[in-house]
Amino acid sequence: MGKDLTILYRGPLASCDYDCPYCPFAKRRDSGELLRADRAALERFTAWAAAQQGDRLSVLFTPWGEALVRSWYRRALVELSRLPHIARVAVQTNLSGRTAWLAEADRDKVALWCTYHPGQTPYERFLGRCRELTALGVRHSVGIVGLHEHLAEARRLRAALPPEVYLWVNAAEGHTYTDEEAADWTALDPLFPYSRHPHRSAGLPCRTGESVVSVDGDGTVRRCHFVRAELGNLYDGSYRDALGPRGCPLEVCDCHIGYVHLETLPLYDVFAGGVLERIPARPVRIPAPDGLPVSADPAARPLLPVVSVS
């Protein structure tokens, strides 16, 4: 019997063209040997995914570094998007590279999770890339790390993005927010309260390990990126018998790509149809946040989800 499976793929690639002070992989350069190994691993994974015609697969590439400056990742997204048993293929990216290649992909299936890093790229260049994605009809979300020095840029970006593009905010790692600070970010992203605090997860039901798995370049399958216990290997099929419901073994979960899968949170409903690319479903109009110009035309205001956050 076929499986409906979401795969978070992370190969050896760890190089990035940005120098963000909050990232341990900033300006890291991979050796030619490692890049060749990463390419071979990705091509092996793509071939495996293409052959799984009895399953329904969704794939999110979550590289430590920037993937889309590498031709093999661009090619993988295009090829996978064209396969009938692939429901969605998405990638996390800083959007530093060109976008025209996406015209070759099935734009009903391909999607980008884009992060804006102020100080690493000119604002107008990043906004221009976002506009290219909109013109191409490529699904995408746009986000930023919630550091105080980013707030003005985040407000500027929200005002410039099309209303249908969701702007998400990630709480900065190790940062504690006052209620006033949190309110500033929540005005831009109503879902920010989910990111503000880690979520208790010990023993709680989670879709990871059952319908969601993490896969590395060697094909080792784990329930998620944050739990090191192995479920088997992708390429010998040993992982399949290990799939099943299980509680989380960690005390807390504080990363969106982890806690979005917790069954105790309503985020599968909030992001229905857009879990991988972090795009909420059923957006509704909200008043423009403080600090943004308020258009007289309500249609020009941001489209964001209204949710109850406890």
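A pocket is an open set of points, on a 1 Å grid over the protein atoms alone, with protein on both sides within 12 Å along at least five of seven lines; a cavity is a set where a 1.4 Å probe fits but cannot get out, and lining residues have an atom within 4 Å of a point. The model is predicted, local features need pLDDT of at least 70, side-chain atom pairs count only at pLDDT 80 or more, and totals for chains, interfaces and linings use all residues. Residues are numbered from 1 along each chain as its sequence is written, and side-chain values use heavy atoms, without hydrogens and water.

**View A. The second largest pocket and its lining.** This pocket holds about 250 Å³ of space (the space filled by probe spheres set on grid points joined across faces, edges and corners). Its lining comprises 15 residues, and Thr6, Ser58, Gly273, Val275 and Leu276 are those nearest the pocket centre. Two or more lining residues come from each of strands S1 (4–10), S2 (56–61) and S3 (86–93) (strands are DSSP runs of E, at least two residues, and helices runs of H or I, at least four, numbered from the N terminus). The lining of this pocket divides into five nonpolar, six polar and four charged residues (Ala, Val, Leu, Ile, Met, Phe, Trp, Tyr, Cys and Pro are nonpolar; Asp, Glu, Lys and Arg charged; the others, Gly among them, polar).

**View B. The open sheet of nine strands.** The strand order is S6-S5-S4-S3-S2-S1-S9-S10-S11, with mixed pairing (two strands pair if DSSP finds at least two bridges between them). Strands S6 (167–170) and S11 (227–233) form the edges, each pairing on one side only. Neighbouring strands of the sheet are turned by 25° against each other on average, direction ignored. At the S6 edge, S6 pairs with S5 (residues 139–145) in the parallel sense over four bridges. Here glycine 143 stands opposite tryptophan 168 in S6.

**View C. The crossing of helices H1 and H2.** The axes of H1 (residues 32–51) and H2 (residues 71–81) come within 10 Å and cross at roughly 5° (axes are lines fitted to C-alpha atoms, for helices over the stretch in contact, with angles from 0 to 180 degrees between N-to-C directions). H1 is therefore roughly parallel to H2 (an angle under 35 degrees). Contact (heavy atoms within 4.5 Å) involves Leu35, Asp38, Arg39, Leu42, Glu43, Thr46 and Ala49 of H1, together with Trp72, Tyr73, Arg75, Ala76, Glu79 and Leu80 of H2. Of these contact residues, seven are nonpolar, one is polar and five are charged.

**View D. The largest cavity.** The structure holds three cavities of 30 Å³ or more, and the largest encloses about 80 Å³. Four cysteines, Cys206, Cys224, Cys248 and Cys253, belong to its lining, with Ser201, Thr208, Arg223, Phe226, Val227, Leu250, Gly258 and Leu262. Eight nonpolar, three polar and one charged residues make up this lining.

**View E. The second largest cavity.** Its volume is about 60 Å³. Helices H6 (192–196) and H7 (256–259) each supply at least two lining residues, and H6 gives the most, with three. The lining includes Phe192, Tyr194, Ser195, His256 and Tyr259, as well as Asp189 and Arg278. By class, eight lining residues are nonpolar, two polar and two charged.

Notes. Angles under 35 degrees count as roughly parallel, over 145 as roughly antiparallel, 65 to 115 as roughly perpendicular and the rest as oblique.
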